[in-house]
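Please look through the sequence and the three-dimensional structure shown below before reading on. The paragraphs after it are meant to be read with the structure in view.

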Amino acid sequence: MSHLSRLAAAAALTLSAVTLSAHPSAADELPFDRIVNGRYQAVLGDCAGCHTLPGGASFAGGVALPTPFGTLVAPNITPDAETGIGHWSETDFRNAMKKGIGHDGVRLYPAMPYPAYTRMSDRDVADLWAYLRTLQPVRNDITSNQLPFPFNIRAVMIGWNWLNFTPGAFKADPNRSAEWNRGAYIVQGAGHCATCHSPKTALGADKTNAFLGGAVLQNWLAPTITNARREGLGAWSIDDVTAYLKTGANRFDIASGPMAEVVTNSTSQMTDADRRAIAVYLKDLPGEANKATPVAVNDPGMKAGAAVYADNCSACHGLKGEGQPKLFPQLADSALIQQADATSLIRVVLAGSQAAGTQAAPTTPAMPSLAWRLNDAQVADVLTYVRNMWGNAAPAVASDMVGKLRKSLKSGS
Amino acid sequence: MARKLPRKDVVIVGLGWTGAILAHELTESGLDVVAIERGPWRDTATDFNIGYVSDELRYAVRRDLFLQPAQETLTMRNTTSQTALPMRDFGSFLPGTGVGGAGVHWNGHTWRFYPSDFNLKSHLTERYGAARLADLQIQDWGVSYDEMESAYDRFEYLCGISGKAGNIGNKIQPGGNPFEGPRKRDYPLPPMEMTYAPTLFAEAARSLGLHPFPTPSANLSKAYVNPLGIAMGQCTMCGFCERFGCANYSKSSAQTTVLPVLMRKSNFEARCNSEVLHVNLDATGKMARGVTYVDGNGEEWEQPADMVLLCAYGLHNARLMMLSKIGKIYDPQTGEGTVGRNYAYQTNAGVQLFFDDKNFNPFVAAGALGQTVDDFNGDTFDHAALDFVGGAGINCIPTNGRPIGFRPTPPGTPRWGSAWKKATRDNYLKAFGFSSQGSSYAARGNYLDLDPTYKDRFGRPLMRMTFDFPDNDIRMSHWVSDRMEEIAKALKPRQYVQARRNKSWNSVPYQSTHNTGGAIMGADPKTSAVNKFLQSWDVPNVFVIGASAFPQNAGKNPTGTVGALAFWAADAIRNQYLRNPGPLVQA
C-alpha cells in the first residue's frame with residue numbers, strides 16, 4: 001500500500017470510527033506486533049506511574065507530582081479529543097517525547113522526563129504512539145500546570161532547555177556488548193532512572209557528573225545505583241539486581257516508597273532479558289569508593305541508639321541487623337542504610353512504609369510508623385546506630401534533621 | 001428499603017479463616033466473590049503495630065479486637081427450666097470480629113482430630129455398646145479422617161505449622177504424637193525450641209510412661225514461605241498471642257497467609273464494617289438469592305448472589321440460619337429440627353505448681369509453645385472399665401508472663417496490698433501450670449435457638465444458648481484431673497493447686513472460645529443441618545463452614561479442623577457443585 005492510499009484508508013477509517021464510536025483508529029496503521037511493542041514501551045517508561053491514578057482509568061491522568069517548584073498534575077493521555085491527546089498528531093507526540101514541546105508548541109516541564117525520552121528511538125516512540133491510540137478515550141479534564149508564578153509561565157522552559165537539555169538519540173557504545181547497550185538504552189531512555197536517582201542542580205536538572213548517584217525527592221532518597229561498593233550496587237550480584245527488579249525483593253532489600261510503585265507498574269512487567277540488561281549496565285557504572293569511618297560504639301548517641309534498637313527494631317530486623325529475606329530488610333552491610341543522606345531512613349521510621357507487592361513476592365510486609373513513640377533524638381540515635389553497626393559506616397544522623405522531616409511529613413508535603 | 005446491588009457469583013459472610021480460604025479457592029476458579037465483614041479491616045503494620053501491640057490493658061483486659069456485646073450478644077441458661085438472660089459482657093468465651101476474625105488473636109494450637117473422632121458414634125458403639133452413650137447425643141460426621149487428610153495437610157502448609165509428626169503413613173515417628181491418625185508427610189516446620197517448664201513437664205510425663213510431644217503450633221519455629229508465596233517470620237516468643245494480633249508476621253492468620261494474595265485479585269472484593277442481617281430466600285424457600293446487609297453508615301443493601309457461604313463465627317452461622325429460616329430450628333422436647341442441635345463446648349481443668357528452686361522466665365513464651373500428653377484423649381485409651389467416654393489432652397503451654405494477667409500466688413494470698421505484692425515477687429518466676437482440654441459430647445438438652453424476649457440493635461431476636469456440662473464429661477474431667485495430679489506429684493513442686501471442673505457452666509470466668517455445633521454435618525438430614533460437604537440440606541446454594549459443623553467437640557482446639565473443613569468444602573464446590581449446581585448428597 002502506497003503512503004497516500006494508506007493515509008486515505010486511515011482517513012476513511014477515522015471517519016467511520018467517528019460516526020460509530022468516536023474512537024480514533026490511527027493505530028490500525030501499524031501491525032499488531034508494533035502495537036504490542038508500544039505497550040511494552042509504556043511499561044519500560046512507567047507511564048502509568050504518573051498518568052494512571054491508583055484505581056482510576058488507565059492513562060486518564062490525575063496523579064499530582066510535587067516538585068521543588070510547585071505541583072504539576074499528570075495529564076490525560078488517552079485519545080479523548082477534548083481532554084486527552086485525541087487531537088494530537090504523531091508529530092506532536094514525538095516532539096513532546098523528544099523535545100519537550102507539546103501540541104501547539106506548548107512547552108512541557110521536565111517532570112515529564114523528555115530529557116530521558118529523547119534517547120528513545122523513533123521507532124519505539126512511534127509504536128508507543130500507536131499503542132496510546134488504541135486506548136479507550138476517557139473524558140477527564142485536568143489542569144496540569146498548578147505551579148506558582150513565575151514557574152507557571154511555560155515559556156521559562158525555553159531558557160531552561162537551552163541551559164539544561166541536549167536533545168538527541170541514544171548512541172550505542174560499539175566497544176560494549178549488545179546486552180550492555182540495551183541496558184544503557186533503557187536506563188538512559190524510556191526507564192528514565194536518572195529522573196529520580198541523579199542529583200539535581202538548583203534548576204532541577206540532572207547533575208551530569210553524578211549520574212545515578214542518588215537524590216532526594218518528595219522526602220524520599222532515591223539511592224545511588226551505580227556499582228559503588230558501599231552505597232551503591234557493589235555488593236549485589238547481577239542476579240540480586242534482577243530479582244529486585246522482578247519481585248521487589250532480594251536477599252538484601254525490599255522495595256518500598258516510590259520504588260515500590262516502579263516495581264509494580266514497570267520493572268516487574270519487563271522481560272527477563274531487559275532486567276538483566278539493566279543489571280549488567282548498572283553494575284558497570286563506576287561509583288566513587290566512598291571511604292567512611294564508623295562512629296565509635298562508645299559514642300553516647302550509639303549507646304542510646306543500641307537501647308532504642310533493642311526495644312523497637314530487633315524483634316523483626318534481628319539482634320545483628322540480619323533481617324529476613326522477603327519480609328524484614330537486612331540492615332547489616334546494607335547500601336541503603338549507608339547512603340550519605342538519611343532522608344528515607346528517617347521517613348520510614350517516622351511514617352512507616354509498605355513493601356511492593358508482585359506476583360512473585362506478594363507478601364507486602366510493612367514497617368510500622370514509630371513517630372508517635374520515638375522522639376527526634378531517639379530516631380536520630382537509632383539510625384546513627386544501625387548506620388554504624390555490623391559493617392556499616394555512615395555519617396551520624398542529627399536530631400534536627402529528624403525534626404524537620406517530621407514537620408514536613410505532618411504538613412503532608 | 002434495601003437498595004439492590006449488582007449480582008455476584010458468590011457472597012461470603014465473614015472474612016476470617018474460613019471466609020479467606022473459601023474466597024481464595026473460589027476466585028481461583030474464576031468466580032466473582034464478595035466478602036461482607038461486619039468488623040473493620042485489619043493489617044499487621046497498621047493495626048498490630050510493634051510499638052503498641054503489647055498493650056495488655058487495651059487488648060487483653062479491654063479486649064480491643066473482640067466482638068462487643070452491644071454489637072451482638074446472646075442469652076444463656078443451663079437448662080430449659082430456667083429463663084435465659086443476656087450476656088451483657090462476654091466472659092466464658094470471646095468471639096472475634098473484623099477481618100481475620102478470631103484467627104487474629106488466637107494462640108495457635110493447630111490439631112487434627114483423631115480418626116475415631118469422625119465416626120465417633122459408630123466407633124464407641126462398636127467398642128463399648130450403645131448403652132454407654134445413652135445419655136449423650138453423639139453422632140458421626142459423615143466424613144472420615146482419611147477423606148480429610150489432604151485438607152488438613154493443605155491447611156498446615158498454608159499456615160507453616162511447626163510440629164513433629166507422630167504417624168507418617170502408619171509408621172510411628174519417634175518424638176511425635178503416637179496416637180494421631182496417619183499423615184502423608186511431616187509438618188512444614190520443625191517444632192519450636194522448648195522452654196523450661198514444658199521441658200520439665202515432658203520429663204515427668206515420660207517418667208510415668210506417658211508420651212509427651214511438642215504441641216503443633218501456628219507460632220512459627222522458622223521463617224517460612226507458604227504455597228501462595230507469602231513470607232512469614234520466625235516467632236520471637238514475646239508472649240503476646242492470645243487476645244493480640246502478631247506484629248512479627250509469625251503467627252498464622254488470614255492476614256499472614258491468604259489476604260496478601262487474595263486482595264490483589266480483581267475478582268475479589270471485601271466490604272468491611274458491614275453486617276449481614278439475613279440470607280434472602282426465594283418464594284419456595286429452597287434457594288438463596290443473596291444477603292441483605294447494613295453498611296457502616298446504617299444504609300441497607302441487598303447483595304444478590306448465586307451462592308451464599310456462611311463463614312462467620314460458628315455461633316453466628318447458626319443464628320444467621322435461624323434468622324433466615326434456613327432449615328428447622330431444633331426442639332429438645334421432640335428432638336426434631338436440626339439448626340441449633342448439638343451445641344458443645346470444651347471441658348477444661350487445670351493445675352498450678354509452685355517451686356522454690358526453679359526459674360521459668362515465664363515471659364519467654366508463645367501461644368502454642370509447649371508439650372502435650374495425649375495418652376488420655378479421645379479414645380486413645382481403653383474406657384471399658386471406666387464410667388465415661390471421651391478424654392482430654394493434657395497441655396503444658398505457658399503462653400505468657402504478662403504483667404497484669406500473670407500473677408501466680410498460692411491460695412490464701414490476699415487479693416491486693418503488700419502481702420499480695422510480696423507473693424507475686426516470690427512466685428512470678430517459680431510457678432507454672434498445665435491443663436486438660438476435655439472433649440465436650442453432645443447432649444439432648446444442650447442446644448441453640450432464638451430467644452423469645454431479647455432483641456439486638458436491629459430488632460432481631462438474640463440467640464439463646466442452653467448448656468451445661470453433661471455428667472459424662474464431668475466424670476471424664478475428674479478422671480483426667482487425677483492423672484494430672486500424678487504428673488504434678490512427679491514434678492515434686494513445693495505445692496500444687498488443682499482447679500477441677502464442676503457443674504454448672506458459668507458464663508463469667510474465661511474458659512474457652514471453642515463453641516461448636518449448631519449447624520452440624522452428617523449423613524442424615526433428620527439429625528444434621530448440612531451434608532458432608534457442609535451444604536445446607538434445605539437450601540443447596542448455601543454452605544455453612546466452621547466449627548458450627550462439629551457434631552460434638554473433641555479434646556482438642558478446633559482451628560485445625562475448621563481450616564481443613566474450609567478446604568474440604570472448597571474442593572466440593574469447585575470440583576462438584578460448579579459443574580452441576582444442586583444437592584451434592586441425595587437425602
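What follows goes from the chains as wholes to their helix pairs, then to two backbone details, and lastly to the contact between the chains.

The model is a predicted one, and it is convenient to begin with chain A, whose secondary structure comes to 17 helices and seven strands. The radius of gyration of chain A is 23 Å, close to the 22 Å that the globule rule gives for 413 residues, so chain A is as compact as a globular protein of that length. Measured out along the principal axes, its C-alpha trace spans about 80 × 45 × 40 Å. Chain A is also divided into domains, namely domain 1 (23-164), domain 2 (178-283) and domain 3 (300-410), and the C-alpha centres of domain 1 and domain 3 of chain A lie 37 Å apart.

Chain B, by comparison, has 13 helices and 22 strands. A compact globule of 587 residues would have a radius of gyration near 25 Å, and the 23 Å of chain B agrees with this. The box filled by the C-alpha atoms of chain B, taken along the principal axes, is roughly 70 × 55 × 50 Å.

Two packed helices are described by the angle between their axes and the distance between the axes. In chain A, the axes of helix H8 (residues 178-188) and helix H12 (residues 272-283) come within 7 Å and cross at roughly 90°, and H8(A) and H12(A) are therefore roughly perpendicular to each other. Among the residues that meet here are A:Trp180, A:Ile186 and A:Val187 in H8(A), and A:Ile278, A:Val280 and A:Leu282 in H12(A). Sorted by class, the contact of H8(A) with H12(A) has nine nonpolar, one polar and four charged residues.

A second pair is found in chain B, where the axes of helix H1 (residues 17-28) and helix H13 (residues 559-577) come within 9 Å and cross at roughly 25°. Angles under 35 degrees count as roughly parallel, and H1(B) and H13(B) are therefore roughly parallel to each other. Their crossing is right-handed. The residues that make the contact include B:Trp17, B:Ile21 and B:Leu22 of H1(B), together with B:Val562, B:Phe567 and B:Ile573 of H13(B). By class, the residues of the contact of H1(B) with H13(B) divide into ten nonpolar, three polar and two charged.

Most residues other than glycine have a negative phi, and most peptide bonds are trans. Where, then, does a cis peptide bond occur in this model? Such a bond joins B:Lys503 and B:Ser504, with omega at about -5°, and B:Ser504 is found in the loop between strand E21 (495-499) and strand E22 (542-544) of chain B. In chain A, the phi of A:Lys326 is near 70°, a positive value in a residue other than glycine; the place of A:Lys326 is in the loop between helix H14 (314-317) and helix H15 (343-351) of chain A.

Finally, how many residues does each chain give to the contact between them? The contact takes 18 residues from chain B and 21 residues from chain A. On the side of chain B that touches chain A, the elements that give two or more residues are helix H2 (44-47) and helix H9 (259-262) of chain B. The residues of this side of chain B divide into ten nonpolar, seven polar and one charged.

Definitions and conventions: Residues numbered from 1 in each chain as written. Chains lettered and ligands numbered in written order. Predicted model: local features only at pLDDT ≥ 70, side-chain atom pairs only at ≥ 80, totals over all residues. Contact = placed C-beta atoms within 7 Å. Helix = DSSP H or I, 4+ residues; strand = E, 2+ residues; numbered from the N terminus. Nonpolar A, V, L, I, M, F, W, Y, C, P; charged D, E, K, R; others polar. Domains from an automatic or database assignment. Axes fitted to C-alpha atoms, helices over the stretch in contact; angles between N-to-C directions. Parallel < 35°, antiparallel > 145°, perpendicular 65-115°, else oblique. Left-handed = near helix turned anticlockwise from the far one by under 90°. Rg over C-alpha atoms; globule rule 2.2 N^0.38 Å.
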